[in-house]
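Reader: I'm new to this one and would like someone to walk me through it. Could we take a few spots in turn?

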Amino acid sequence: MSPILDQTRTNEIFHYNLLFSKYGKKDILYGTAGFRTNANQLDHVMFRMGILAVLYANYTKKVAGIMITASHNPECDNGVKIIGNNGEMLEENWESYATILANCKDEEIVNSIDMIMSDFIIRLGNSLVYLAHDTRKSCPVLLEACILGINAMGGKYQNYGLLTTPQLHFMVYTANSDSDISYYPAERDYFDKLKTAFFNFSQDCPDPPYRILVGVDTANGVGALKMERLQILLRENIKYLEFTVVNMGLNGNATGDIGYIKHGRTTNSNNHTLNDEIENNNEMGTIQSTQSGLNLNCGADYVKVNMKPPTGLSSVHDFRKESPFFEDQNVHYASFDGDADRIVFYYFDKNHEFNLLDGDKIAALIAYYIKDTLKICELAPNDFDLGVVQTAYANGSSTLYIRDNLNMKVYFTPTGVKHLHHKAAQLDVGIYFEANGHGTVLYSKKFVQKIAELSKDGTKSSKINTSARNMMNFINLTNQSVGDALSDLLLVEAILLKYGWNITHWNSMYQDLPNRLMKIKINDRTLVKTSPDETICLSPPALQEAIDSLVSRYPKGRAFLRPSGTEDVVRIYAEAESQEKADDLAHSISVLAFDMAAGVGDRPLRPSK
Ligand code: 16G
Ligand code: ZN
């Protein structure tokens with residue numbers, strides 16, 4: 001998780017020369033006397049994160065990564081994610097140092113750096129930091145600040161320009177799997193891997209009777225460009241699956257019905273082909289899209305939190321009406337968030353009702369496939385440690401389904417992907433998803449080796465060989481460094497293809513308990529404390545007792561609250577046997593917490609439908 005950035009700080013000018021003369025290498029003379037801050041007030045933090053990444057890269061002797069993004073948050077927000085040496089998130093002990101460095105006063109910077117160097121016994125040598133950013137307008141200036149920080153510490157960098165967060169994780173992961181750190185993985189490697197794995201997987205699947213259309217809402221973010229590229233690559237070989245990208249955020253069309261397919265090409269309303277955009281986006285180049293409306297009324301977070309479709313889907317409907325090839329049941333949708341590390345799916349049923357399939361449903365689908373494959377491969381359930389990792393936000397029905405129907409273990413961690421990832425890494429097959437759509441699958445070496453052996457073992461039946469080969473392709477399709485909307489999209493589509501299921505079938509695996517998420521603003525959210533699994537409120541005193549008493553009045557009721565780690569709010573989650581009751585329960589707890597924990601502003605309103 002990113003360090004906590006102090007967004008309220010005023011502009012500062014940092015004395016770059018001071019650092020440079022202390023740590024910088026004389027042969028990479030760069031820059032002038034310092035760097036100027038600008039209106040968004042965060043470039044001093046980015047400068048320091050550049051410094052931190054160099055220290056970290058020197059410590060691990062591996063490539064580090066810095067992704068400039070504020071993910072699913074509004075365009076005006078800024079943030080940074082630092083990527084650790086296995087392409088995973090920065091280790092927890094480094095996070096606290098990152099936080100110190102991000103927030104210390106200018107005059108304390110040198111001391112903070114010295115402290116980090118001495119605590120981790122770092123000697124500055126060669127280091128390399130990979131950089132990338134999302135489509136926010138503030139990115140170029142923040143990137144520049146990062147680069148100045150890297151230079152000040154005598155580090156080197158490789159700027160990948162516009163990438164999704166998971167792509168940058170992939171680059172770092174790939175570079176660090178190779179002993180020669182001067183090798184730069186290319187974006188092409190990422191796409192080749194996905195394309196090849198998906199194509200190979202699909203070779204073993206039956207052709208569906210109808211073509212399948214998937215409308216992908218890319219939240220007017222960086223995922224648009226990448227999804228467009230993936231779509232073009234897949235189209236070369238896969239004939240029965242067509243993606244339509246919407247909410248591409250180009251030309252200032254915030255909620256744009258701009259990506260629809262005509263004659264096999266994707267165009268936006270100005271006839272500007274997105275292929276041009278891609279062609280201009282040379283591998284290492286930095287093009288700044290003219291996006292706007294990032295995460296605005298669209299994207300995974302909007303869809304999940306509001307339980308309703310994003311704006312901008314009408315292009316998919318239009319296409320559906322025009323084409324005789326598509327049938328309702330073969331049309332479904334997915335939404336990414338602004339940096340494409342989350343995904344949720346949905347569709348409209350016969351009654352035009354909206355149905356959401358969130359991270360829990362994705363986890364259940366993947367768990368089903370893996371369990372089934374292991375059975376076909378005649379592997380004993382106890383040969384491998386399989387499990388699904390969830391948080392308290394996981395729908396109660398998903399947990400029951402995975403435990404009781406699939407007979408798989410379910411583990412719970414606090415909110416935040418780093419916790420889930422950490423737990424999943426301890427298993428042979430660790431499927432982890434947050435309900436919000438962030439997740440992936442991790443496989444142990446032992447498991448991968450066994451599957452590889454089985455796929456080629458001539459003494460086994462061809463059914464076993466094929467299933468194991470299928471599983472190998474599935475493993476190759478997975479981005480094991482972090483949850484990845486593009487990879488997850490293909491994992492889901494691959495499983496649906498394999499079983500010949502449409503989304504309705506997938507959705508019927510289990511029925512979600514109706515639920516509601518709410519948030520309230522209180523005077524000081526740090527006063528709200530919870531148990532480690534976040535299900536029990538420890539402070540303010542008596543709040544949990546009051547929650548328990550409310551919950552006991554609702555059949556199948558469950559609820560909890562926790563302070564947000566990314567917003568100045570307290571979040572409330574409730575589920576119950578009907579939507580109305582879940583809304584009631586969430587609302588009552590919000591009012592309770594508002595009253596007992598010094599709420600600010602208006603008392604919470606009951607959620608509208
Ligand atoms: C961040 C986390 C996500 C978590 C969310 C919780 C990463 C990459 N993402 O988006 O895992 O679910 O925060 O937000 O760490 P909250 O604390 O505001 O509810
Ligand atoms: Zn994100």
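Author: Here come some questions and answers about a few parts of this structure, which is a predicted model.

Reader: Let's start with helices H6 and H7. How are H6 and H7 oriented to each other?

Author: H6 covers residues 165-177 and H7 covers residues 187-203, and their axes come within 10 Å. The axes cross at roughly 100°. An angle of 65 to 115 degrees counts as roughly perpendicular, so that's the word for H6 and H7: roughly perpendicular.

Reader: And which residues in H7 meet H6?

Author: On the H6 side, look for Gln-167, Phe-170 and Met-171. The residues of this contact divide into 4 nonpolar, 1 polar and 3 charged. Over in H7, the partners are Glu-187, Asp-189, Tyr-190, Phe-191 and Lys-193.

Reader: Now the strands. Do S3 and S4 run parallel or antiparallel, and how many bridges join them?

Author: S3 is made of residues 128-133, and S4 of residues 156-162. Leu-131 stands opposite Asn-159 in S4. The two strands run parallel, and the number of bridges joining them is 5.

Reader: What handedness does the unit made by S3, H5 and S4 have?

Author: Helix H5, residues 139-152, joins S3 and S4 in making a β-α-β unit. As for S4, it's mostly covered, with 5 of its 7 residues buried. The handedness of the β-α-β unit is right-handed.

Reader: Let's hop further along. Which two residues does a cis peptide bond join?

Author: Try the loop between strand S18 (537-539) and helix H19 (543-551), where Pro-540 has its place. Omega is about 5° for this cis bond. The residues it joins are Ser-539 and Pro-540.

Reader: Ala-542 has a positive phi too, I gather. Is Ala-542 buried, partly exposed or exposed?

Author: Ala-542 is found in the loop between S18 and H19. Its phi is about 80°, although it is not a glycine. Buried would mean under 20% relative accessible area and exposed over 50%; Ala-542 has 48%, so it counts as partly exposed.

Reader: What about Glu-534: buried or exposed?

Author: Glu-534 lies in the loop between strand S17 (529-530) and S18. Here phi is near 70°, a positive value in a residue other than glycine. The relative accessible area of Glu-534 is 10%, and under 20% counts as buried, so the answer is buried.

Conventions:
Residues numbered from 1 in each chain as written. Chains lettered and ligands numbered in written order. Predicted model: local features only at pLDDT ≥ 70, side-chain atom pairs only at ≥ 80, totals over all residues. Heavy atoms only, no water. Axes fitted to C-alpha atoms, helices over the stretch in contact; angles between N-to-C directions. Helix = DSSP H or I, 4+ residues; strand = E, 2+ residues; numbered from the N terminus. Parallel < 35°, antiparallel > 145°, perpendicular 65-115°, else oblique. Contact = heavy atoms within 4.5 Å. Nonpolar A, V, L, I, M, F, W, Y, C, P; charged D, E, K, R; others polar. Buried < 20%, exposed > 50% of the residue type's maximum accessible area, 1.4 Å probe, protein only. Pairing = 2+ DSSP bridges. Right-handed = clockwise from strand over helix to strand, strands pointing away.
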